[in-house]
Amino acid sequence: MTHLNSSDIASMDRFYRGNLINCITGYKSANLLGTKSATGVDNVAIFSSVTHLGSNPALFSFIQRPLGYGAGHTYENLKETGELTLNHINAALVKKAHQSSAKYDANISEFDVLHIEKEIRPDFVAPFVKNASIQIAARYENEYFLKENNCILVICQITDIFMAEGLQLADGFVNLEKAGSMAISGLDAYANCALQERLSYAQVDEELKSIPFE
């Protein structure tokens, strides 16, 4: 078994290290975050750092890397308008979504230049990705500066959920495989999600049971 210690990791080429560390923590969610600037420019960008924080209230977070030229438009727009959308990436969106990580100028809409079809809904500032089977509207709640790496942990509260028909079961479970939702490995690898098993709530001295996911 290969063993790498902290000195080995610190001495690595930064791109090599980035590929390694982004892989070994496991698969991540693949989402496009949609925002609109105060001047009316629609923005959409890929994020693999979205994390569930709680269900009541319904919260998620994402990581904003240190701000710099050509970066941080999602964060800046969110701070200006207070709203964003979260849209699951499917196989048809992968290449366009990946390209959205390029550092486009703030006055350029990735929707337009990458030909990502947007969906505008009344009463929502931020645009949705039309081809996403799961679309979420959220508002800015809070943020925390992470002194360890100069990033910002941004917290958002879910206000509205839009899903394609037939994805949700009677108990609330959502079949992400059926939705076509992709996962990200490392910085640049995309994977289909295949459900293997769903198990009953774990309790001491009680046998687990398989429960349906379709």
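The residues lining the largest cavity of this predicted model divide into four nonpolar and five polar, with no charged residue among them. That cavity encloses about 30 Å³ of space, and the count of cavities of 30 Å³ or more comes to one. The points below begin with this cavity, continue with the two largest pockets, and then turn to a cluster of aromatic rings, an arginine beside it, and some details of helices.

**The cavity**

- Rolling a probe the size of a water molecule over the atoms shows where empty space is left.
- The lining of the largest cavity is made up of His-88, Ile-89, Asn-90, Ala-132, Ser-133, Ile-134, Ala-179, Gly-180 and Ser-181.
- Two of these names, His-88 and Ile-134, return in the second largest pocket, where they are among the residues nearest its centre.

**The largest pocket**

- The largest pocket holds about 1,500 Å³ of space.
- Its lining consists of 42 residues, and those closest to the centre are Ile-46, Ser-48, Arg-65, Ser-101 and Leu-187.
- Two or more lining residues come from each of helix H2 (14-24), strand E1 (28-29), strand E3 (42-47), strand E5 (58-64) and helix H3 (73-81).
- Helix H2 makes the greatest contribution to the lining of the largest pocket, with seven residues.
- By class, the lining of the largest pocket comprises 16 nonpolar, 19 polar and seven charged residues.

**The second largest pocket**

- The second largest pocket contains about 640 Å³ of space.
- There are 24 residues in its lining, and His-88, Ile-134, Ile-136, Ile-158 and Leu-176 lie nearest the centre.
- At least two lining residues are supplied by each of strand E4 (51-55), strand E5, strand E6 (83-88), strand E9 (134-146), strand E10 and strand E11 (182-185).
- Strand E4 provides the largest share of the lining of the second largest pocket, namely four residues.
- The lining of the second largest pocket has 16 nonpolar and eight polar residues, and no charged residues.
- Strand E5 appears in the linings of both pockets: it gives two or more residues to the largest pocket and at least two to the second largest.

**The aromatic cluster**

- A pair of aromatic rings is described by the distance of the centres and the angle of the planes.
- The structure holds four aromatic pairs.
- In one of them, Phe-124 and Phe-128 meet edge-to-face, with 5.5 Å from centre to centre and 80° between the planes.
- Phe-128 and Phe-162 form an edge-to-face pair because their planes stand at 80°, with the ring centres 5.4 Å apart.
- This second pair joins distant parts of the chain, since Phe-128 belongs to strand E8 (residues 128-129) and Phe-162 to strand E10 (residues 151-163), 34 residues apart.
- Ring pairs thus connect Phe-124, Phe-128 and Phe-162 into a cluster.
- Phe-128 has 0% relative accessibility and therefore counts as buried.
- Phe-162 has 25% relative accessibility, so it counts as partly exposed.

**Arg-121 beside the cluster**

- Arg-121 is located in the loop between strand E7 (118-119) and strand E8.
- The relative accessible area of Arg-121 is 17%, and this residue is therefore buried.
- The charged end of Arg-121 sits over the ring of Phe-128, 4.6 Å from the ring centre.
- Arg-121 also lies over the face of Phe-162, at 3.7 Å from the centre of that ring.
- The side chain of Arg-121 has a polar contact of 3.4 Å with the side chain of Glu-119.

**Helix details**

- The N-terminal end of helix H2 is capped by Asp-13, which places a side-chain oxygen 3.0 Å from the backbone nitrogen of Phe-15.
- After helix H2 comes Gly-26, which has a positive phi near 105°.
- Glu-110 is found in helix H5 (residues 110-113).
- With a relative accessibility of 2%, Glu-110 counts as buried.
- Glu-110 and Lys-96 are separated by 14 residues in sequence and by 9.1 Å in space, from C-alpha to C-alpha.

Note on methods
Residues are numbered from 1 along each chain as its sequence is written. This is a predicted model: local features need pLDDT of at least 70, side-chain atom pairs count only at pLDDT 80 or more; totals for chains, interfaces and linings use all residues. Side-chain values use heavy atoms; hydrogens and water are left out. Rings of Phe, Tyr and Trp (its six-membered ring) pair if their centres lie within 6.5 Å; planes under 30 degrees apart count as stacked, over 60 as edge-to-face and the rest as tilted. Buried means under 20% relative accessible area, exposed over 50%, partly exposed in between (1.4 Å probe, protein chains only). A charge sits over a ring if NZ of Lys or CZ of Arg is within 6 Å of the ring centre and within 35 degrees of the ring normal. On a 1 Å grid over the protein atoms alone, a cavity is a set of points where a 1.4 Å probe fits but cannot get out, and a pocket is an open set with protein on both sides within 12 Å along at least five of seven lines; lining residues have an atom within 4 Å of a point. Grid points are joined across faces, edges and corners, and a volume is the space filled by probe spheres set on the points. Ala, Val, Leu, Ile, Met, Phe, Trp, Tyr, Cys and Pro count as nonpolar, Asp, Glu, Lys and Arg as charged, and the others, Gly among them, as polar. A polar contact is a pair of N or O atoms within 3.5 Å; within protein, one must be able to donate a hydrogen and the other to accept it, and residues adjacent in sequence count only if both atoms are side-chain atoms.
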